[in-house]
Amino acid sequence: MARKNDKIIITCAVTGGVHTPTMSDALPITPDEIAKQSIDAAEAGAAILHLHARDPETGKPTPDPAVFMQFLPRIKQATDAVVNITTGGGLGMTVQERLAAPLKAEPELCSLNMGSMNFALHPLAGKYKEWKHSWEKPYLEGTDDFIFRNTFRDIAYILQHLGEGCGTRFEHECYDIGHLYNLAHFVDKGLVKPPFLVQSIFGILGGIGADVENVAFMKQTADRLFGDDYVWSVLAAGRFQMPFITQAALLGGHVRVGLEDSLYIGRGKLAGSNAEQVAKIRTILEELGHGIATPAEARDMLALKGGDRVAF
């Protein structure tokens with residue numbers, strides 16, 4: 001089974017590339033907003049900060065390293081949290097575009113999606129009548145014909161250039177059971193070495209559904225494939241966020257919150273910030289008797305290279 005942990009790592013995914021500015025005024029867009037919300041989330045208890053960048057004018061996801069570099073140094077200066085940069089980017093970006101910022105920043109940790117999939121957001125387009133920016137509605141509507149590309153060649157490329165080349169380790173994002181088997185392929189080839197972080201994801205249209213039975217199923221499958229070699233975490237989309245990650249904690253897992261995954265703090269109530277979600281899950285975990293991992297403890301659990309060895 002997954003490595004036993006005495007403390008739980010809270011990851012906060014601060015802005016992502018899924019939600020659009022119209023959906024919530026709290027969604028951080030500018031480098032200043034991303035930096036501030038990241039720092040606040042770390043102070044609230046997040047040991048890992050998972051980061052995307054957005055065009056400061058339109059809020060559209062951008063792979064531009066120059067935008068990342070407007071907030072990465074500020075976050076590093078203000079907090080000891082582990083910085084985790086996306087390699088998923090945003091809809092329609094090439095693998096080379098998605099890697100531009102990570103290769104420049106050489107972070108301790110990056111996300112790595114473990115398979116191609118239908119990543120569908122188009123149902124969200126029907127929920128809003130007015131939009132802040134003209135790109136938002138077509139961006140969402142177009143996902144009924146979108147394949148999020150992560151081929152075996154793509155994954156190997158990222159593992160080689162970013163992993164071997166920069167000493168970066170990965171949050172292996174598994175949206176379905178088959179993604180665990182894809183990861184097992186790379187483990188068997190020796191390209192992924194323990195202890196590796198498996199992030200099980202529930203509730204994205206195109207991935208495994210948000211049924212509570214699937215949480216245990218994903219963990220049982222990972223246990224069978226990886227034994228004690230992996231560290232397990234869970235995230236869930238939208239309204240499933242808090243109940244699913246609480247269940248994961250009860251099963252011995254780590255947790256991920258953040259406005260990338262859900263814009264809400266409770267039923268029908270938008271979250272005011274990322275830190276509000278971190279504070280809520282921290283309270284839940286502590287009430288259940290769990291300790292909260294510090295950034296140093298997270299680095300030790302995941303065998304990270306250290307914040308002094310990044311390039312920002």
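# Exercises on cysteines, a strand and voids

Cys110 counts as buried, at 0% relative accessibility (buried is under 20% relative accessible area, exposed over 50% and partly exposed in between, with a 1.4 Å probe and protein chains only). The model is predicted: local features require pLDDT of at least 70 and side-chain atom pairs pLDDT 80 or more, whereas totals for chains, interfaces and linings use all residues. Residues are numbered from 1 along each chain as its sequence is written, and side-chain values use heavy atoms, without hydrogens and water.

**Exercise 1. Determine how many disulfides the count gives, and explain why Cys110 is too far from the closest cysteine sulfur for a bond.**

Step 1. A disulfide is taken as a pair of cysteine sulfur atoms within 2.5 Å. By this rule, zero disulfides are counted.

Step 2. The closest cysteine sulfur to that of Cys110 belongs to Cys166 and lies 8.5 Å away, so the separation is too great for a bond. Cys166 is likewise in no disulfide, its nearest cysteine sulfur being that of Cys110.

Step 3. Cys166 also counts as buried, because its relative accessibility is 12%.

**Exercise 2. Establish which residues lie on each side of strand 11, and which strands pair with strand 11.**

Step 1. Strand 11 comprises residues 254-257 (helices, H or I with at least four residues, and strands, E with at least two, are DSSP runs numbered from the N terminus). In a regular strand, side chains alternate between the two faces of the sheet. On one side of strand 11 are His254 and Arg256, on the other Val255 and Val257. All of these residues are buried, and both faces are thus covered.

Step 2. Pairing requires that DSSP find at least two bridges between two strands. Strand 2 (residues 10-13) pairs with strand 11 in the parallel sense over three bridges; Ile10 has Val255 as its bridge partner in strand 11.

Step 3. Strand 10 (residues 230-236) is also parallel to strand 11, with two bridges between them. Here the partner of Ser233 in strand 11 is His254.

**Exercise 3. State how many cavities of 30 Å³ or more are counted, and which residues line the second largest cavity.**

Step 1. On a 1 Å grid over the protein atoms alone, a cavity is a set of points where a 1.4 Å probe fits but cannot get out, a pocket is an open set with protein on both sides within 12 Å along at least five of seven lines, and lining residues have an atom within 4 Å of a point. Points are joined across faces, edges and corners, and a volume is the space filled by probe spheres set on them. The count gives two cavities of 30 Å³ or more.

Step 2. The largest cavity has a volume of about 70 Å³. Its lining has 14 residues, of which Thr62, Pro63, Phe68, Thr86 and Gly89 are the closest to the centre. Helix 4 (residues 95-105) contributes the largest share of this lining, four residues.

Step 3. For the second largest cavity, the volume is about 40 Å³. Ile9, Thr11, Ile48, Leu197, Gln199, Ser233, His254 and Leu302 line this cavity. The bridge partners Ser233 and His254 from Exercise 2 are thereby among its lining residues.

**Exercise 4. Identify which residues are closest to the centre of the largest pocket.**

Step 1. This pocket has a volume of about 1100 Å³.

Step 2. Among its 47 lining residues, His19, Ala237, Gly238, Asp261 and Ser262 are closest to the centre.

Step 3. Strand 5 (109-113), helix 9 and strand 12 (264-266) are the elements giving two or more residues to the lining of the largest pocket.
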